Amino acid sequence: MPNKKGIDIDGLPSNLFFCTKLIDILKEEASSKLLTITVKTIFGLEDVLVEELNELGYPKIDRLNRAVQLKGTWRDVYYLNLHLRCAISILVEVKVFKIRNEDDLYNQCMKIDWTKYFSIDKTFAIKGAVFSEMFNHTQYPFFVVKDAIADTFRNKMNDRPDVNVKSPQVMFDVYINKDVVTISLNTSGAPLFQRGYREEIGLAPLNEVVAAGLIRMSGWDRKSTFVDPFCGSGTLLIEAALLAANIPSMIERQHYAFKNFEGFDADLWESIRAEVNTRVTSLPCEIIGSDISDEMVTKTRRNLRGLSVGRFVKTEVKPFADVKELNAPGVMISNPPYGERMGEEIDELYGQLGDWMKSDMKGFDCWILSSNMEAFKFVGLRPERKVKMYNGDLECSFRKYSIYEGSKKGKYMNNGNSEKEQD
Ligand SMILES: C[S@@+](CC[C@H](N)C(=O)[O-])C[C@H]1O[C@@H](n2cnc3c(N)ncnc32)[C@H](O)[C@@H]1O
């Protein structure tokens, strides 16, 4: 507290004390006007998403389960939809409230002026997650919210917008945790792994967000060699090339739900897109992909063709064992077959993979993603790290084998199960 002499107990002159107080109050008020932005991701990618946001200039991030949260403006919402590689969708909070029963949910939703968010000619859908004993059927709360939206429009305009579950123009997210309901706008719409660059899909393509997350997790410096000798349709190669060239993974995507919400600022969006430099004259690293299947390599090449970075990625048809004389240091990330298809000699393949890494990948950090825990044992090297991940519904392990030049023989022990999985 300031004393009579105008000096407060901390020794600050009183006018300075009030100035700093005022700044705090103004800051608090400004931040209360900011949007609460929730960025959803895939299990295991929360930390790399925080890292990615920090790198993009967002230092204050709250880490949640399969999501992170920050404060921001609509400019940030547009910017993050375009730039985040490890996000599935970006939500903007509309209202948070408590309920005691289903009627409360409807009544609280009727207090929201939904006509403020979208016009009657747009189709809409409700998605989300429910963790509450109040509802026996997890889809039921979404019907309640849908009814409230329709009724709000009807009361105001004598008509209602249509629902379109498959490809809605606007989407709302309803998250119920016990008695707390959070209603948000889903500003992305279709999940952000739909990058817009994929023409061709392989037999078991990696989710693009998972691919981006694995690359970031590997700590690849974007300067040393990047290699995927099981490239399939090329997801890892494409995500690595876009990252190295500093081009957003979403550069080809046109659809975002935020374009259909009321108040969409097309000029602001265009200015954010215009800031992206898409002209690439070279890459700061070598990116090399190969696959035993010529059909797969053709798919990779077709996918690369549509991108300005595509011409810098080298691709070849060959078995991994024939991949030799790569420029170290570097990082290899692959998801080899998991052995779900009949007739795959999976143990033998993982055994040969371990031998090849030992002899031909010196100076590389080799990362393997697989759901086949038995097959991992045949690699015959001790993993330096094991991370639990999901590829779709499949629980996988992402394992790092550092292949040193000579010495460090201790790394090459015949024990694939010696370390605990991190999650
Ligand atoms: C799970 S898929 C990889 C998918 C890829 N990450 C993508 O996003 O499309 C495994 C790939 O390994 C390839 N493959 C199988 N045996 C191989 C071998 N011995 N050498 C190189 N590639 C092989 C298959 O043709 C297949 O494309």
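## Leucine 307 and its loop

L307 sits in the loop that runs between α9 (294-305) and β10. The model here is a predicted one. Is L307 buried or exposed? L307 has 21 other C-beta atoms within 10 Å. A residue counts as buried at 20 or more, so L307 is buried.

What does L307 touch, leaving aside residues up to four places away in sequence? Its contacts are Y197 and I238. Y197 is a distant residue along the chain: 110 residues separate it from L307 in sequence. In space, the two C-alpha atoms are 7.4 Å apart.

## The overall picture

The protein has 423 residues, and 38% of them are buried. Its secondary structure comes to 11 helices and 14 strands.

Contacts that link distant parts of the chain are common here. Take the contacts between residues at least 6 apart in sequence: 80% of them join residues at least 24 apart.

## A seven-stranded sheet

Seven strands form an open sheet. Their order is β10-β9-β8-β11-β12-β14-β13, and the pairing is mixed. Which strands stand at the edges? They are β10 (313-317) and β13 (385-391). Each has a single partner strand, so one side of each is left without a neighbour in the sheet. On average, neighbouring strands of this sheet are turned by 20 degrees against each other, direction ignored.

Look now at the β10 end. β10 pairs with β9 (residues 287-291) in the parallel sense, over 5 bridges. Within this pair, S290 stands opposite E316 of β10. Helix α7 (residues 235-244) packs on the sheet. α7 touches β8 (225-228), β9, β10 and β11 (330-334). The direction of α7 makes about 175 degrees with that of β9.

## Helix α7 meets helix α6

Two packed helices are described by the angle between their axes and the distance between the axes. Start with α6 (residues 208-218) and α7. Their axes come within 9 Å and cross at roughly 60 degrees. That angle makes α6 oblique to α7. The crossing is right-handed.

Which residues make the contact? From α6 come E208, A211, A212 and I215. From α7 come T235, L236, E239, A240 and L243. By class, this contact has 6 nonpolar, 1 polar and 2 charged residues.

## Helix α4 meets helix α5

A second helix pair is α4 (residues 102-110) and α5 (residues 140-157). Their axes come within 9 Å and cross at roughly 35 degrees. α4 passes α5 in a right-handed crossing.

On the α4 side, the contact is made by E102, L105, Y106, C109 and M110. On the α5 side, the residues are P141, V144, V145, D147, A148, D151 and T152. Sorted by class, the contact of α4 with α5 has 8 nonpolar, 1 polar and 3 charged residues.

## An enclosed helix, α3

Helix α3 covers residues 74-83. How many of its 10 residues are buried? The count is 7, so α3 is largely enclosed by the rest of the structure. The buried residues are D76, V77, Y78, Y79, L80, N81 and H83.

What surrounds them? The buried residues of α3 pack against three strands and a helix: β1 (35-40), β3 (67-72), β4 (89-98) and α8 (266-274).

Terms used:
Residues numbered from 1 in each chain as written. Predicted model: local features only at pLDDT ≥ 70, side-chain atom pairs only at ≥ 80, totals over all residues. Helix = DSSP H or I, 4+ residues; strand = E, 2+ residues; numbered from the N terminus. Buried ≥ 20, exposed ≤ 12 C-beta atoms within 10 Å, placed from the backbone. Contact = placed C-beta atoms within 7 Å. Pairing = 2+ DSSP bridges. Axes fitted to C-alpha atoms, helices over the stretch in contact; angles between N-to-C directions. Left-handed = near helix turned anticlockwise from the far one by under 90°. Nonpolar A, V, L, I, M, F, W, Y, C, P; charged D, E, K, R; others polar. Parallel < 35°, antiparallel > 145°, perpendicular 65-115°, else oblique.
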